[in-house]
Amino acid sequence: MMLKTRVKVSSIANLSDARYCAGMGVDWLGFALYEMPLDKYKEIRNWLSGVEIVAELSGVSADQMKEIVQNYAPDWIEVDSRAALPRLLELDIPKMMRVNIDTDNLPALFATAAPYVSYFLLVADSPDSLQGMEAQIETWAAQYPVILGLELPEEDVEEWVEQSSIQGIGLVAGQEDRPGFRDFTDLMSILEKLETE
């Protein structure tokens with residue numbers, strides 16, 4: 001399965017999400033590893049192939065990050081704007097930074113953090129945050145490696161992927177309704193739009 005752009009799915013907490021996303025050709029699966037027991041993570045990890053695991057470490061100290069990287073051996077880490085940038089250099093692993101269009105000081109943050117991270121995952125507090133910001137986001141995406149994690153109207157997804165400079169799309173996994181059962185409709189409809197013919 002091939003998708004038209006790189007896709008990261010955040011907040012994965014169970015095997016059904018992980019396997020579904022891996023099967024759809026998603027590039028990155030994000031786990032809040034500081035909240036997930038190592039044995040549960042290993043169990044999920046063993047089922048997966050062909051995807052890269054991102055340890056989502058927002059608000060985690062540099063020392064805790066080191067420990068998680070050692071114990072869980074993720075492929076990537078994701079930090080937020082509070083991360084101590086120089087300390088990130090101590091971790092020999094690719095990094096992405098979660099930046100919030102509503103609360104972070106962009107574009108100063110892009111400029112400061114760019115030497116330390118490979119991608120910026122652009123998120124927001126509100127579903128309406130994208131409105132009126134399209135041109136500004138395109139300007140940033142033309143300068144910096146941006147993965148668009150804002151809530152996109154489904155009908156606009158392909159246009160963003162095909163006509164803008166963004167380097168990927170960020171989606172969020174949902175909660176399981178009960179263990180093993182979950183409604184994939186939102187994720188599914190966007191991923192299906194991104195499938196290559």
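Q: Where is Pro107 found?
A: Let's start there. In this predicted model, Pro107 sits in the loop between β5 (95-100) and α5 (108-113).

Q: What makes the peptide bond that joins Leu106 and Pro107 a cis bond?
A: The omega angle tells you: omega is about 5 degrees for the bond between Leu106 and Pro107, and this bond is cis.

Q: What is notable about phi of Ser11?
A: Phi of Ser11 is near 60 degrees, which is a positive value in a residue that is not glycine. You will find Ser11 in the loop between β1 (6-10) and α1 (15-23). Its relative accessible area is 37%, between the cut-offs of 20% and 50%, so Ser11 is called partly exposed.

Q: Why does Ala73 count as partly exposed?
A: Ala73 has 47% relative accessibility; that value is neither under 20% nor over 50%, so the label is partly exposed. Ala73 belongs to the loop between α3 and β4 (76-80). Its phi is positive too, near 50 degrees, and Ala73 is a residue other than glycine.

Q: Why is the pair of Arg87 with Asp63 called a salt bridge?
A: The closest N and O atoms of Arg87 and Asp63 are 2.8 Å apart. The cut-off is 4 Å, so the pair qualifies as a salt bridge. In general, side chains of opposite charge can pair when their charged atoms come close.

Q: What does the pair of Arg87 and Asp63 tie together?
A: Arg87 lies in helix α4 (residues 85-88) and Asp63 in helix α3 (residues 62-72), so this pair ties together parts that are 24 residues apart in sequence. Arg87, at 30% relative accessible area, is partly exposed, and Asp63, at 47%, is also partly exposed.

Q: How do you know that Glu90 forms a salt bridge with Arg87?
A: For Glu90 and Arg87, the closest N and O atoms are 3.1 Å apart, and this is within 4 Å, so the pair counts as a salt bridge. Glu90 is partly exposed, with a relative accessible area of 40%.

Q: Is Asp80 buried or exposed?
A: Asp80 has a relative accessible area of 9%, which is under 20%, so Asp80 is called buried. Asp80 forms a salt bridge with Arg82, with the closest N and O atoms 2.4 Å apart. Arg82 has a relative accessible area of 63%, which is over 50%, so Arg82 is called exposed.

Q: How many salt bridges does a search of the whole structure find?
A: The search gives 12 salt bridges. There is also a network of salt bridges that links Lys8, Glu56, Glu78 and Arg98.

Q: Why is the pair of Tyr41 and Tyr72 called tilted?
A: The structure holds 9 aromatic pairs. In the pair of Tyr41 and Tyr72, the ring centres are 5.3 Å apart and the planes stand at 55 degrees. Centres within 6.5 Å make a pair, and 55 degrees is neither under 30 nor over 60, so the pair is tilted. Tyr41 lies in helix α2 (residues 38-47) and Tyr72 in helix α3, so parts that are 31 residues apart in sequence are tied together. Tyr41 is buried, with a relative accessible area of 2%, and Tyr72 is buried at 13%.

Q: What makes Phe110 and Trp140 a tilted aromatic pair?
A: The values here are 5.3 Å centre to centre and 55 degrees between the planes of Phe110 and Trp140. With the angle neither under 30 nor over 60 degrees, the pair is therefore tilted. Phe110 lies in helix α5 and Trp140 in helix α6 (residues 134-143), so the pair ties together parts that are 30 residues apart in sequence. Both residues, Phe110 and Trp140, are buried. Ring pairs also link Phe110, Phe120, Trp140 and Tyr144 into a cluster.

Q: Which residues in the largest nonpolar core touch the most other members?
A: Out of 62 residues in that core, they are Val9, Leu29, Phe31, Ile77, Met97, Leu122 and Ile137. Leaving aside neighbours within four places in sequence, the contacts of Leu29 include Val9, Ile12, Leu48 and Val51.

Q: How do you know that the radius of gyration agrees with a compact globule?
A: A compact globule of 197 residues would have a radius of gyration near 16 Å, and the protein chain has 16 Å, so the two agree. Of these 197 residues, 47% count as buried.

Note on methods. Residues are numbered from 1 along each chain as its sequence is written. This is a predicted model: local features need pLDDT of at least 70, side-chain atom pairs count only at pLDDT 80 or more; totals for chains, interfaces and linings use all residues. Side-chain values use heavy atoms; hydrogens and water are left out. A salt bridge is a side-chain nitrogen of Lys or Arg within 4 Å of a carboxyl oxygen of Asp or Glu. Helices (H or I, at least four residues) and strands (E, at least two) are DSSP runs, numbered from the N terminus. Buried means under 20% relative accessible area, exposed over 50%, partly exposed in between (1.4 Å probe, protein chains only). A nonpolar core is a set of buried Ala, Val, Leu, Ile, Met, Phe, Trp, Tyr and Cys residues joined through side-chain atoms within 4.5 Å. Contact means heavy atoms within 4.5 Å. The radius of gyration is taken over C-alpha atoms; the globule rule is 2.2 Å times the number of residues to the power 0.38. Rings of Phe, Tyr and Trp (its six-membered ring) pair if their centres lie within 6.5 Å; planes under 30 degrees apart count as stacked, over 60 as edge-to-face and the rest as tilted.
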